[in-house]
Amino acid sequence: MFRPALLRTALPVSKRAVNASPMIVRMASNSPITTSGTPDVAETSYIPNRLTPGEEIDPQLNGYPQLPYVSIQAREPFGWWDRQERKNFGEVMHEEEDAIGMWGPDVHKTSPQSALFQLSVAFSLIGLASYVLIKNRPERPVAQRTYPYNGLEKELGGQSYARPEEVDEE
């Protein structure tokens, strides 16, 4: 097993005291295994003491920690036991890990209004550049070819009308 000092260094400095994992607490002290590391608050360690109005404990979790819905992509990139997933050894997984994990949908720092503005500026610049290039296109260096008899209308089979469509009746 890992030494407690090694596991403590895996946490970022700003989060060591706040987010001590249960495994670290258990290894640092010789108390029995619980969800919080201390037996006196083992049952209510992850249940918030004060709930905001309209918030209630999810009965479907059945005692599983009710963790905040914050994407793991927002965490600092360095200082984790598992660098790819940005997690520490023994860390409790969120109930919606597949949605807020590193492999879930990306978290964007750009607001939709800013993204729309940036896209409109980019497309308008492309349109402006295309317009300028089309208007400043040099003339053709040769004369366009002309054909006698109204563009060879007679030689090509008369007027260019579309043939009537034949309907197969079965």
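A salt bridge here is a side-chain nitrogen of Lys or Arg within 4 Å of a carboxyl oxygen of Asp or Glu. I write that down first, since the entries on charged pairs rest on it. I also note that this is a predicted model.

**Entry 1: K87 and E97**

I looked up K87 and E97 and found their side chains joined in a salt bridge, with 2.7 Å from N to O. K87 sits in the loop between α2 and α3 and E97 in helix α3, so the pair ties together parts that are 10 residues apart in sequence. Are these two residues buried or exposed? K87 has a relative accessible area of 14% and is buried. E97 also comes out at 14% relative accessibility and counts as buried, because buried means under 20%. I then listed what E97 touches, leaving aside residues up to four places away in sequence: I72, E85 and K87. K87, the salt-bridge partner of E97, is thus one of the residues in that list.

**Entry 2: R75 and E91**

How many salt bridges are there by this rule? I get a count of 2. Besides the K87 and E97 pair, R75 forms a salt bridge with E91, and the closest N and O atoms are 2.6 Å apart. R75 and E91 both lie in the loop between α2 (22–28) and α3 (97–100), so this pair ties together parts that are 16 residues apart in sequence. I checked the cover of both residues. R75 is partly exposed at 24% relative accessibility, and E91 is partly exposed with a relative accessible area of 25%. Neither value is under 20%, the cut-off for buried.

**Entry 3: Q73**

I stayed in the loop between α2 and α3, where Q73 is found. Which backbone atom lies 2.9 Å from a polar atom of the Q73 side chain? The backbone nitrogen of V107 does. V107 also appears among the residues that Q73 touches, once those up to four places away in sequence are left out. The others in that list are R86, I100, G101, M102, G104, P105 and D106.

**Entry 4: helix α4**

Next I took helix α4, which covers residues 112–135. I compared its length with what its residue count predicts. At 1.5 Å a residue, the 24 residues should span 34 Å, and the end C-alpha atoms are 34 Å apart, so the two agree. How many of the 24 residues of α4 are buried? The count is 0, and the helix is hardly covered.

I then looked for a nonpolar surface patch and found one of about 600 Å², made by F117, V121, L125, L128, Y131 and V132. V132 is a member of this patch and lies in helix α4. V132 has a relative accessible area of 40%, so it is partly exposed.

**Entry 5: the whole chain**

Last, I stepped back to the protein chain. It holds 5 helices and 0 strands, and from the N terminus on the elements run α-α-α-α-α. Of its 170 residues, 15% count as buried. The chain exposes about 14,800 Å², and carbon and sulfur atoms supply 57% of that area. I also looked at contacts with a separation of 6 or more: residues 24 or more positions apart account for 46% of them.

Notes. Residues numbered from 1 in each chain as written. Predicted model: local features only at pLDDT ≥ 70, side-chain atom pairs only at ≥ 80, totals over all residues. Heavy atoms only, no water. Helix = DSSP H or I, 4+ residues; strand = E, 2+ residues; numbered from the N terminus. Buried < 20%, exposed > 50% of the residue type's maximum accessible area, 1.4 Å probe, protein only. Contact = heavy atoms within 4.5 Å. Areas by Shrake-Rupley, 256 points an atom, 1.4 Å probe, with all protein chains shown as cover. Patch = residues over 30% accessible without salt bridge, like charges linked within 9 Å, V, L, I, M, F, W, Y side chains within 5 Å. Expected span 1.5 Å × (residues − 1). Polar contact = N/O pair within 3.5 Å; in protein donor to acceptor, adjacent residues only side chain to side chain.
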